[in-house]
Amino acid sequence: MASSFLLTGVVLSPLQLPLLLIFLLLPSSLEVSLGGGGTPLYNQDDKILILNSKNFQPNICSSSKAWVVEFYSSWCGHCIHFAPTFKEFATDVFAWRDVISVAAIDCAMEENMPTCREYEVMGYPILKFFTPNTPTGDMGIERLSKDNTVPAIKKDMIEFITDLQFKKSEKAGQNWPSLVPASVNGLEIIHIWDQNPTLAVLLIEEANSTTGSEVILDLSSTVTKLKVPLVMAKIEINAESDQLLQKLTVPKQPSLVAISRDFSTLEVFPSTAATRAGWTGAIKDFIWRKSSELSLNIQMLADLSQKKPEDSLNVQPLNSKAQKTATRKELINRRYKVFTSDLEKAVIYSISHEVAQHSSISGHTLQTLLQYVTVLEKFFPARIEMSVFLRDLHSWVNMHQDTIRGEDLSSWMESYQGRHGIRASKDWVGCRGSEDQFGGYPCGLWSVWHALTINQANLAEGDPKEVMNAMKSFIQEFFGCRDCARHFDQAIEGGKALDEIENYNDAVLLLWKTHNRANFRLAGDISEDPVFPKLVFPSKEFCSGCYGNEALTGSNLWDEFDRIKVVEFLKNLYSKDKLSSQGLTSDSTAAGHALAVAPLAQIDGNFEHLDVSNFNKKDFSTSFVFFNGADISICFLLWFVCALLLLLIYLKFIAGKKFSNSHFFSNLKRKTSMNPLLGKV
């Protein structure tokens, strides 16, 4: 009796069925993991509260004090550049924490994206001020100034507090020291004695000065906790204060004066420098000398004199560590190799994070998104899985004619990932920097645009300006590092440079030139990876033919290079068949920064040779790798179980009859039936 199974017209034997089941169970997921951010730029030692999606509202909303919060992205070069300044600022104003505190949230972290979207953060870094008792849903007040120095940020912070007090807003803290200049009427200082202090210290200064406010904030916490019967008040030098200043016998210049209610105690500090440190020290000395009059005991004076480490105005230097130097092999991986996994990771991050972080996408922003997904579908050098994803993404975006909510895009991405198994690998491969804050998403995004221009040139399809127009709009609308976006716009002359594109090679060269200009501008910046400093690309070592007769300075890339050779070099690096599949499986070991595919270094002892032959042959490694070690183990286990079950079924229902009717079993049955002992036991 024949044993077979019929499936859609195909007859399968019992041993073929397990193979079919295994084939159907094969994992077909695209393993490209999400996450474009690096290591957070701050920690608890920086006098900055580290916020996340869980503790943001409990700390910021309904708080009894005000907050200044930095929304940043750990991959953003401008954020990296700004981080030391913000740390210095946080340390400088740490003594003010009972009035206003400093916090930061990393929007590059996937779990923080809903919070950053809720607070309408479209670029980095952004500083927002939040009043005490901020209700849930309040967007805060964004700091608009582009002056990101410590004095400028402090000035804006003081103005924020002063403005709340001046408007007598109910959101101003009831126990805050007054930063509003006192009103003067003749010799009377309005409201200065309302709390019945014993003495008053007047900080006399020009109208636009913030020194007095800084000193008051520096000392207010200590004076309040020690219950020192002393009030500090600002007096502006103007016509209203003339009579008072004459009574105090001080010139019309910044001065420090201590008085009693009836002016019987009067002390002027003529030799004290009108600086924050000078006035703070003078007031502390004054409290010491007037301790009996102020009823201060020895312990209170000790607390006043004690200098707490957290109140220091100096930022501690970073621990110096030995500087690593890149080997030749690392340099090749860093600068001269492109990995498919990095390209896919950058695309998925750009959609699920950069775009989806917008609360609402409409109008020109929606058209920009449609441009972006269109060039991705048409020109991205995709594997089958990624190609299907980009096609479905384009269809989904195209369905929305008016508006797309960022939350809906996130939901669609999560649903698609769940149904189709699209996951991003945990780490960058080529775009991995020497430390987590280097390389990453910006590196991957540059590589994506290079690959798009090269692939369009290879296909010779569409408008030669299409990719660069899409890039221009994407950087303007979606790229989180706003300072980077501004510099990019300057580099392409607000889009005028795109008008010079007449063919596909022009687009390739314009992007190459723009990227080199960015590297030239950022060379030596704090955001630069010190192990892999930014240099003109490609170097003469890797493309000697790319160099013309002019001396290389990096300032005039158009004339210094043989542009035909540069195009050939870039096409030989970014073309689809040149991309490395390393990183698509779990055994990735590469490190570095993806800018372009280049010949691998052949290591011979301590000397490394460049395998130039790689320029003239194709990479035959396949990109369609579906299994890791765990997948293969599961497949073998399933195969074994299925084969065993089918074998048992075959023996039970089909082969059993033949086997039981065999000659051997017939003789065995006859011998058994003639046994005289049967039935007698």
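A residue counts as buried when its relative accessible area is under 20%, as exposed when it is over 50%, and as partly exposed in between. Keep that cut-off in mind, because Glu214, at 10%, falls on the buried side of it. One more thing before we look around: this is a predicted model.

Let's start with the whole protein. Its secondary structure comes to 23 helices and 17 strands, and of its 681 residues, 48% are buried. If you take the contacts with a separation of 6 or more, 74% of them are between residues 24 or more positions apart. The accessible surface is about 33900 Å², and carbon and sulfur atoms own 55% of that.

Now back to Glu214. There are 18 salt bridges in the structure, and Glu214 takes part in one with Lys154, with N and O 3.3 Å apart. Glu214 sits in helix α6 (residues 211–225) and Lys154 in helix α5 (residues 150–166), so this pair ties together parts that are 60 residues apart in sequence. Lys154 is buried too, at 8% relative accessibility.

Glu214 has another partner as well: Arg276, whose closest N and O atoms to it are 3.5 Å apart. Arg276 belongs to helix α8 (residues 276–289), so its bridge to Glu214 in α6 ties together parts 62 residues apart in sequence. Arg276 is buried as well, with a relative accessible area of 11%. Zoom out a little and you'll find these residues in a network of salt bridges that links Asp92, Lys154, Glu214, Asp218 and Arg276.

Helix α8 has a further salt bridge to show you. Arg289 pairs with Glu267, with the closest N and O atoms 2.8 Å apart. Here the link runs from helix α8 to strand β13 (residues 266–268), across 22 residues of sequence. What about burial for this pair? Arg289 is partly exposed at 46% relative accessibility, whereas Glu267 is buried at 18%.

For a look at helix packing, go to α15 (residues 441–459) and α16 (residues 466–477). Their axes are 9 Å apart and meet at an angle of about 155°, which makes α15 roughly antiparallel to α16. On the α15 side, the contact is made by Tyr441, Leu445, Trp446, Trp449, Leu452, Thr453 and Gln456. Facing them from α16 are Glu466, Val467, Met468, Ala470, Met471, Phe474 and Ile475. Sort these contact residues by type and you get 11 nonpolar, two polar and one charged.

Finally, a few backbone details in the loops. The loop between α4 (113–118) and β6 (126–130) is home to Pro125, and the peptide bond leading into Pro125 from Tyr124 is cis, with omega near -15°. Glu120 is in the loop between α4 and β6 too; its phi is near 55°, a positive value in a residue other than glycine. Glu120 is partly exposed, with a relative accessible area of 46%.

Further along, another cis peptide bond joins Phe537 and Pro538, with omega about -5°. Pro538 is in the loop between α18 (504–522) and α19 (557–560). On the other side of α18, in the loop between α17 (482–491) and α18, you'll find Glu493. Its phi is near 55°, again positive in a residue other than glycine, and Glu493 is partly exposed at 48% relative accessible area.

Technical notes: Residues are numbered from 1 along each chain as its sequence is written. This is a predicted model: local features need pLDDT of at least 70, side-chain atom pairs count only at pLDDT 80 or more; totals for chains, interfaces and linings use all residues. Side-chain values use heavy atoms; hydrogens and water are left out. Axes are lines fitted to C-alpha atoms, for helices over the stretch in contact, and angles run from 0 to 180 degrees between N-to-C directions. Helices (H or I, at least four residues) and strands (E, at least two) are DSSP runs, numbered from the N terminus. Angles under 35 degrees count as roughly parallel, over 145 as roughly antiparallel, 65 to 115 as roughly perpendicular and the rest as oblique. Contact means heavy atoms within 4.5 Å. Ala, Val, Leu, Ile, Met, Phe, Trp, Tyr, Cys and Pro count as nonpolar, Asp, Glu, Lys and Arg as charged, and the others, Gly among them, as polar. Buried means under 20% relative accessible area, exposed over 50%, partly exposed in between (1.4 Å probe, protein chains only). Accessible areas come from the Shrake-Rupley method with a 1.4 Å probe; for residues, only the protein chains shown count as cover. A salt bridge is a side-chain nitrogen of Lys or Arg within 4 Å of a carboxyl oxygen of Asp or Glu.
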